[in-house]
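Biologist: I'm still new to reading structures, so please pick one part and take me through it slowly. Start at the surface if you like, then work your way inward.

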Amino acid sequence: MSANHSKTKKKSSIGFVEEVRRSRPLYLLMLPSIIIFALFTYYPMYGIVIAFKNFTPAEGIMGSSWAGLKYFKQYFNSYQFGLTIKNTIIISLYTIAVTFPLPVIMGLLVNQMKAQKFKKFFQVSTYLPHFISTVVMAGMLILFLSPSTGIIAKLVGLLGFKLPNLMGSAKAFPHIYVWSEAWQHVGWDSILYIATLSSVDPTLYEAATMDGANKWHKMIHIDVPALLPTATIMFIMRMGSVMSIGFEKVYLLQNTLNSTSSEIISTYVYKMGLVSSQYSLSAAIGLFNNIINLILLLAVNFISSKMSDTSLI
């Protein structure tokens, strides 16, 4: 029995070596990407250890003394802990609630368009905002929403109303951030769903037409089931970054008047690490944030695997 097992194991190892040998050119093509990935993604991860040390640049990472969980406790006991967690979750979940279903809906609508010229115009016009840089987008929002010189204030003024200072309003900040994100990225995000629908077998639509189905029936019973696996994977990936909102846009739109709703984990890490030079504290906050993201990703992926056949692994 053991002899047969050893022979089988030897054959499988020989087969693996032979596969690698045959695919040697492909592995050589992969090598530069693997090296870059290892150098810039995995190698820097050893720096996470400064979250558990009293890090000073003069002593270096390995020379700094151990602090244990000191900086985690400092963050958990600080006033900013509850504020940053709350703001991050509110803005992130609000963003997902708006920007996740809209690309799916847009993909379904574009798939129903028959006029090719209008379809191309619609797609290009919704894709273009995606290519506006974050700095330019933030500048546009500040200019447009200015209560004195903004174009929206001018239009509202023609109607006899006065535009409030939206950029200085803590209540308005989440809405400004989320809906500007939707305007900028929904068209681009819909490309994946449009591509998925383009691969649906046309005979399904023909059979549905023969059975008397209208456009609504085809959308519900053909298009939506075709999009579900892709949408599920995208939702799992989005949930894995709930605690990681884009830093640049929030920071550029942030000011002292709206900071009570715009101070999120990533902006707080920046202020603690690069502005206040509290490197260990910022590393501890960042590590805590990433652990929460990992837990959410694994939890949502596990639930998806149990409720359906779609999951990341």
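Modeller: Let's start with a greasy bit of surface, keeping in mind that this is a predicted model. Leu28, Leu31, Ile35, Ile36, Leu39 and Phe40 form a nonpolar patch there, and together they have about 620 Å² of accessible area. Take Leu28 as an example: you'll find it in helix H2, which covers residues 24-42. Leu28 counts as exposed because its relative accessibility is 53%, and the cut-off for exposed is over 50%.

Now for the inward part, the largest pocket. Its volume is about 550 Å³. Of the 25 residues lining this pocket, Thr95, Thr99, Glu181, His185 and Arg238 are the closest to its centre. Where does the lining come from? Four helices each supply at least two residues: H5 (79-99), H10 (173-198), H12 (215-239) and H13 (247-253). H10 gives the largest share, with eight residues. As for chemistry, the lining splits into 11 nonpolar, nine polar and five charged residues.

Let's stay with Glu181, one of the residues closest to the centre of that pocket. Glu181 makes a salt bridge with Lys249, and the closest N and O atoms are 3.2 Å apart. This pair ties together distant parts of the chain, since Glu181 is in helix H10 while Lys249 is in helix H13, 68 residues apart. Are these two charged partners buried or exposed? Glu181 counts as buried because its relative accessibility is 16%, and Lys249 is buried too, at 4%. Both fall under the 20% cut-off for buried.

Just before H13 there's another link to look at. Met243 sits in the loop between H12 and H13. With 6% relative accessibility, Met243 counts as buried. Met243 and Ile89 are 154 residues apart in sequence, yet their C-alpha atoms are 6.5 Å apart in space.

To round off the charged pairs: how many salt bridges does a search of the whole structure find? It finds two. Besides the Glu181 and Lys249 pair, Glu263 forms a salt bridge with Lys271, with the closest N and O atoms 2.9 Å apart. Here the partners don't share a label: Glu263 counts as buried at 8% relative accessibility, whereas Lys271 counts as partly exposed at 22%.

Key
Residues are numbered from 1 along each chain as its sequence is written. This is a predicted model: local features need pLDDT of at least 70, side-chain atom pairs count only at pLDDT 80 or more; totals for chains, interfaces and linings use all residues. Side-chain values use heavy atoms; hydrogens and water are left out. Patches are made of residues with over 30% relative accessible area and no salt bridge: like charges are joined within 9 Å, nonpolar side chains (Val, Leu, Ile, Met, Phe, Trp, Tyr) within 5 Å. Accessible areas come from the Shrake-Rupley method with a 1.4 Å probe; for residues, only the protein chains shown count as cover. A salt bridge is a side-chain nitrogen of Lys or Arg within 4 Å of a carboxyl oxygen of Asp or Glu. Buried means under 20% relative accessible area, exposed over 50%, partly exposed in between (1.4 Å probe, protein chains only). On a 1 Å grid over the protein atoms alone, a cavity is a set of points where a 1.4 Å probe fits but cannot get out, and a pocket is an open set with protein on both sides within 12 Å along at least five of seven lines; lining residues have an atom within 4 Å of a point. Grid points are joined across faces, edges and corners, and a volume is the space filled by probe spheres set on the points. Ala, Val, Leu, Ile, Met, Phe, Trp, Tyr, Cys and Pro count as nonpolar, Asp, Glu, Lys and Arg as charged, and the others, Gly among them, as polar.
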